[in-house]
Amino acid sequence: MKWRRLHPGELDHELLWLIVSVGTALVALLWLRFGMPMPPCVWHELTGVPCIGCGSTRCVRLLVQGAWGAAFAMNPLTFTALAGVVIYDLYAAAVLLLRLPRLRPGKWPAWLGWTTRIAIAIALVANWAWLIARGV
Amino acid sequence: MNWYYESAGQQQGPVAESELDRLLAAGTINPDTLVWREGMAGWTPLRTARPSAPPPAAGANEDAAGWEVTRPGTPATQQASDAAGSDVPQPGWVRCTVTGRYFPPSEIIYIEGKPYCAAAKPQVVAAMQTGAVLPGNESGREGPAWEHREQLGMMKALIDTTKAVITAPTHTFTTMKREGGLQTPMVYYLILGSAAGILSQIIMSILQFGTMASTMGNAPGAGVAIGAGVGGLIFGIIAAPLQVCIGAFVGAGMVHGCLMLLKAANQPFETTFRTLCYLYGAMAPAQLIIAVAVGFGTLGMTTGGVPSATGVGMFGLLLGGLTLPIMIWYLYMAIVSLAATQEITRGRAAAALLLPPLVCCGGFALIAVLIGAAAAVNS
């Protein structure tokens, strides 16, 4: 990883994903507030077993209510992903406002790439096991 | 006024005009050094950008501003390895527009937003000196018709692009322009996606009101329910373009993330985004059919006791029958398009596209069942 300034004409990922994430959050909050319909989980309907994303909407609702612990328990992966988005947004806002250099990945060693992939797979399976065990 | 200049293959700056003069006088830069400042279309030799600049230092090395890339503090062997680039993408590496090889960002210089490696210097300099279009290896990739809407006209370009994507996806995406920003394909998808979204909302609301009228009649609360329905319709119409924009970025982001996980992201996010925008846009009318089918099907079920229900339900069933072939064709188009633009096998494209729904919709369980079934058959 290294810090560098954007090249002229280079896509400004920080600005782009900050706008997308904030826009998504606003639409999602309005959606929930207006009580718009949420599509049911087809997998859950058919099998009775939760899928990896089950409980995400309830997780967001609990977060909005400030019940962080309950939100985490509802779907740990969604909670962690949302926390990651918040951290990224704070970073993006800081570099944009202060006109700082941007963090860009360098060349990843092969072992790091595989470690990341395995970690993601383990996180998905562990999250799914948690949801099944809790009967979300 | 702040200037940026190219030195040793890297962008330097910003520096003030007086500092630029000092660098010129010191021989750090020369009249052929590429410079850029806000308002300029692209990187230009200093002698063209600032004809009034003071003369350079006597004996200033003309090669000082060359593209020979060296970085202090990096072992010579690694520098040589990095400078040679790679045929396959590496995380964070950038694809040279001319050679098509991948390099670490430190080995790349951007001119007019396009990345070039050191080997591309002669061609780029020749193009700049003659005023020709900057070189690239994207010859033959000028489509689809929407990219030429100014010449063709909006409506014709819209129809031709949609027709081409649906009827000849392989050819369309093999010739699709992979660079050129996010705006052009985004507008295409925004027009078709918003139109389909708004029409879906209106049709669904009409069906919903029909259901309410048949089930509630003049019962108390019917007015409130209709009012809520109208509110939902207005919100849905306003939210449709927002949903399209967010859907495009989130969808492309997820697919590109999966491509990276599968080591199949041969092209940058821009290419994935452009591909999916044309795909989503062309499929927007089909999504409308699916939404209407769901609406009619629901109406048919909820108004079971009404004489007209059978007809309505049958119409929903008829449209619903179209849903499966549409979804199969959509999946085929998505695989073909991603394989053609990312230059990957269709298997990898399929894996990248199916990974999110598989993970989200209990794909692991499905895989486990399939593995279990296969094991059972084998035993």
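Me: Which residues of H12(B) are buried?

Reply: A residue is called buried if 20 or more other C-beta atoms, placed from the backbone, lie within 10 Å of its own, exposed if 12 or fewer do, and partly exposed in between. In H12(B), a helix being a DSSP run of H or I with at least four residues, numbered from the N terminus, the buried residues are Ala349(B), Ala352(B) and Leu353(B). This is a predicted model, in which local features need pLDDT of at least 70 and side-chain atom pairs count only at pLDDT 80 or more, while totals for chains, interfaces and linings use all residues. Residues are numbered from 1 along each chain as its sequence is written, and chains are lettered from A in the order in which they are written.

Me: Where does H12(B) bend?

Reply: The bend at a residue is the angle between axes fitted to the seven residues ending there and the seven starting there. For H12(B) it is about 40 degrees at Leu354(B), with a proline, Pro356(B), following within four residues.

Me: How many residues of chain B are in contact with chain A?

Reply: Two residues are in contact if their C-beta atoms, placed from the backbone, lie within 7 Å. Here 27 residues of chain B are in contact with 29 residues of chain A. Helices H9 (222-261), H12 (346-360) and H13 (363-378) of chain B each supply at least two residues of that side, and H9(B) gives the most, with nine residues.

Me: Is Thr80(A) buried or partly exposed?

Reply: Thr80(A), which lies in helix H5 (residues 76-97) of chain A, counts as partly exposed because it has 13 C-beta neighbours inside 10 Å.
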